[in-house]
Amino acid sequence: MKANLLIACNCILGEGPVWDERRGMLWWTDIDGKRIHRYDRETGRHERIEVPEKVGAFALREKGGIIVAAANGWALCNEDGSDWRHIADPEPEHANHRFNDGKCDASGRFYAGTYALDNQPRASLYVIQPDLSWERLADGVICSNGLAWSPDDRTFYYIDSLKKGVDRFQVDPATGRLSDRRTVITLEEPGVVPDGMTADEEGMLWVAEWGGWKVSRWNPRTGQRLMTVEVPAKYVTSCAFGGEGMDELFITTASVGLTEEERRQQPLAGSVFHIKVGVRGRPTYRFAG
Ligand code: CA
């Protein structure tokens, strides 16, 4: 299977796709470009929203507006990026850390983790609750990345990219806290690391492969790769389900760090791609606060 171009947007580090089912819009962030993008499927209108910090991930809020996990912690802002209100920075002591991937669970809690740019295992995974209280869920992380939940929301899947695999935790449904960590998938291919991730209704995981030119579908119960979707960009960063039938996979990519020759070979690097994959995915949830 091969993904098709949805929109050529030339992101430096496209990430964190969010399907807004109420308006039929796809949103994503260009972390290094300091922009949030949104694309209206029906009208074809594509907007770039300037933001004051690198936004690693964001979620739409039930109340309207956005919650972001950014370079200096969490913040709330309007949909046009205005009225940026800082909430908290969980790691003020680490100037070389920034927030990376994040996502809400079905209860509307926002999970997001940090990336230690010096590659030391001092980053963490956090959750911020709808009342804006927050806590650390896991430490010893280098590059916090993909997050996904099982169909019954009792299992959480997590990628720390430099560990080259997917770990699973048990979830306490009342608090969202995590326990009983275990590695369930390992990527063996040299030069390829797992990045963003989503889950489908059958409980299978779709993992974006940074350096791998693809998204792959995995069975977390057996650790086996079931299929791949080729993407015409080396750095595939994340994916999310959406579209009218919730069976369309949206895929973000990056152009950061490509040589001149690589840019000629992959002129669509940094664009967003899509493909119908024949299975329905889990929705993108809003922040309940
Ligand atoms: Ca990522």
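Is E15 buried or exposed? At 3% relative accessibility, E15 is buried, because the cut-off for that label is under 20% relative accessible area. Keep in mind that the model you are looking at is predicted.

## The calcium site

E15 is also a good place to start with the calcium ion. The protein donors here are E15, which is listed twice through OE, together with N145 through OD1 and D195 through OD. These donors lie 2.2 to 3.1 Å from the calcium ion. If you want to find them in the sequence, look for the spacing E-x129-N-x49-D along the chain.

The site brings together distant parts of the chain: E15 sits in strand β2 (residues 14–20), while D195 belongs to strand β18 (residues 193–199), and the two are 180 residues apart. D195 has a relative accessibility of 5% and counts as buried because that value is under 20%.

## Around S216

Now let's turn to S216, which you will find in strand β20 (residues 214–219). With a relative accessible area of 0%, S216 is buried.

Its side chain has two polar partners to look at in the viewer. One polar contact joins the S216 side chain to the side chain of E209 at 2.6 Å, and another joins the S216 side chain to the side chain of W218 at 2.7 Å. Leaving aside residues up to four places away in sequence, S216 touches L205, W206, V207, E209, R225, M227 and T228. E209 therefore appears both as a polar partner of the S216 side chain and among the residues that S216 touches, with S216 itself buried at 0%.

Notes. Residues numbered from 1 in each chain as written. Predicted model: local features only at pLDDT ≥ 70, side-chain atom pairs only at ≥ 80, totals over all residues. Heavy atoms only, no water. Helix = DSSP H or I, 4+ residues; strand = E, 2+ residues; numbered from the N terminus. Buried < 20%, exposed > 50% of the residue type's maximum accessible area, 1.4 Å probe, protein only. Polar contact = N/O pair within 3.5 Å; in protein donor to acceptor, adjacent residues only side chain to side chain. Contact = heavy atoms within 4.5 Å. Donors = N, O, S within 2.8 Å, 3.2 Å for Na, K, Ca; no water.
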